[in-house]
Amino acid sequence: MSTSSWNENERLGGARGTQRVATCYDPDPSQLRRPDLGPISPSDANALRGSLLPLLANAPSRSVALQLAAALKTVITCDYPDRWPTLLPNIKRMLASSEVR
């Protein structure tokens, strides 16, 4: 995602996606803070897990990084280690590479 796309996302309320993760990520419907939204589908959860670390590593601003970090915390709390066993190897790989800004 380009910097202009990030800026546009922030201008339009980029926190909406983070709020969606925070309120609807837990796959147990009884734990949802916003039951009207329903849980995130398994395919969306997989896509989110695959995107969060690279997005956080290349966040164009502190405000975006903070929102992504909050979403990452929620996903880790719900998914690590059972549904996200590759988290630590992915973090180690990213730290050893030049992918981190």
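## A helical chain, with α4 at the centre of the story

Let's start at P81, which sits in the loop between α4 (62–79) and α5 (87–96). The peptide bond leading into that proline, from Y80 to P81, is cis, with omega near 0 degrees. Keep in mind that this is a predicted model, and that confidence varies along the chain, as described further down.

**The overall layout**

Walk along the sequence and you meet the pattern α-α-α-α-α. That adds up to five helices and zero strands. Of the 101 residues in the chain, 26% are buried. The accessible surface comes to about 6400 Å², and carbon and sulfur atoms account for 56% of that surface. As for how the chain comes back on itself, take the contacts between residues at least 6 apart in sequence: 51% of them join residues at least 24 apart.

**How far to trust it**

The mean pLDDT of the chain is 78, with 60% of its residues reaching 70 or more. Helix α5 has the highest confidence, at a mean of 94, while helix α1 (residues 3–11) has the lowest, at 46. Over residues 1–14 the pLDDT is below 50, and beyond near neighbours in sequence this stretch has 11 contacts in the model. So much for the N-terminal end; the rest of this report stays with α3, α4 and α5.

**Helix α4 and its two sides**

How does the span of α4 compare with what its 18 residues should give? At 1.5 Å a residue, the expected figure is 26 Å, and the end C-alpha atoms are 25 Å apart, which agrees.

The buried residues of α4 are V64, L68, A71, L72, T74, V75 and D79. These residues cover an arc of only 160 degrees around the axis, so they lie on the same side of α4. Helix geometry helps here: an α-helix has 3.6 residues a turn, so residues three or four places apart point the same way. On the face turned away from the buried side, α4 carries the exposed residues R62, K73 and T77.

**The nonpolar core**

Which residues make up the largest nonpolar core? There are 12 in all: L52, L53, A57, A59, V64, L68, A71, L72, V75, W84, L87 and M94. The elements giving two or more residues to this core are α3, α4 and α5. Helix α4 supplies the largest share, five residues. As background, nonpolar side chains tend to be buried together in soluble globular proteins.

**Four residues in between**

Some positions are neither buried nor exposed. Buried means under 20% relative accessible area and exposed means over 50%, so values in between count as partly exposed. Here are four such residues, each with a partner elsewhere in the sequence.

| Residue | Relative accessibility | Partner | Separation in sequence | C-alpha to C-alpha distance |
|---|---|---|---|---|
| S51 | 33% | L72 | 21 residues | 10.0 Å |
| Q67 | 24% | L56 | 11 residues | 9.0 Å |
| N90 | 24% | G50 | 40 residues | 9.6 Å |
| A65 | 22% | L55 | 10 residues | 8.3 Å |

S51 belongs to helix α3 (residues 42–57). At 33% relative accessibility, S51 counts as partly exposed. Its partner in the table, L72, is one of the buried residues of α4, and L72 is part of the core as well.

Two of the residues in the table, Q67 and A65, lie in helix α4. Q67 is partly exposed because its relative accessibility is 24%. A65 also counts as partly exposed, at 22%. Leaving out residues up to four places away in sequence, what does A65 touch? The answer is L56 and A59, and A59 is itself a member of the core.

N90 is found in helix α5, the helix with the highest mean confidence in the chain. At 24% relative accessibility, N90 is partly exposed. Setting aside residues up to four places away in sequence, N90 touches L53 and W84, and both L53 and W84 are listed in the core. The C-alpha atoms of N90 and G50 are 9.6 Å apart, although 40 residues separate the two along the chain.

Technical notes. Residues numbered from 1 in each chain as written. Predicted model: local features only at pLDDT ≥ 70, side-chain atom pairs only at ≥ 80, totals over all residues. Heavy atoms only, no water. Helix = DSSP H or I, 4+ residues; strand = E, 2+ residues; numbered from the N terminus. Buried < 20%, exposed > 50% of the residue type's maximum accessible area, 1.4 Å probe, protein only. Expected span 1.5 Å × (residues − 1). Arc of directions from axis to C-beta. pLDDT = per-residue confidence, 0-100. Contact = heavy atoms within 4.5 Å. Core = buried A, V, L, I, M, F, W, Y, C linked by side-chain atoms within 4.5 Å. Areas by Shrake-Rupley, 256 points an atom, 1.4 Å probe, with all protein chains shown as cover.
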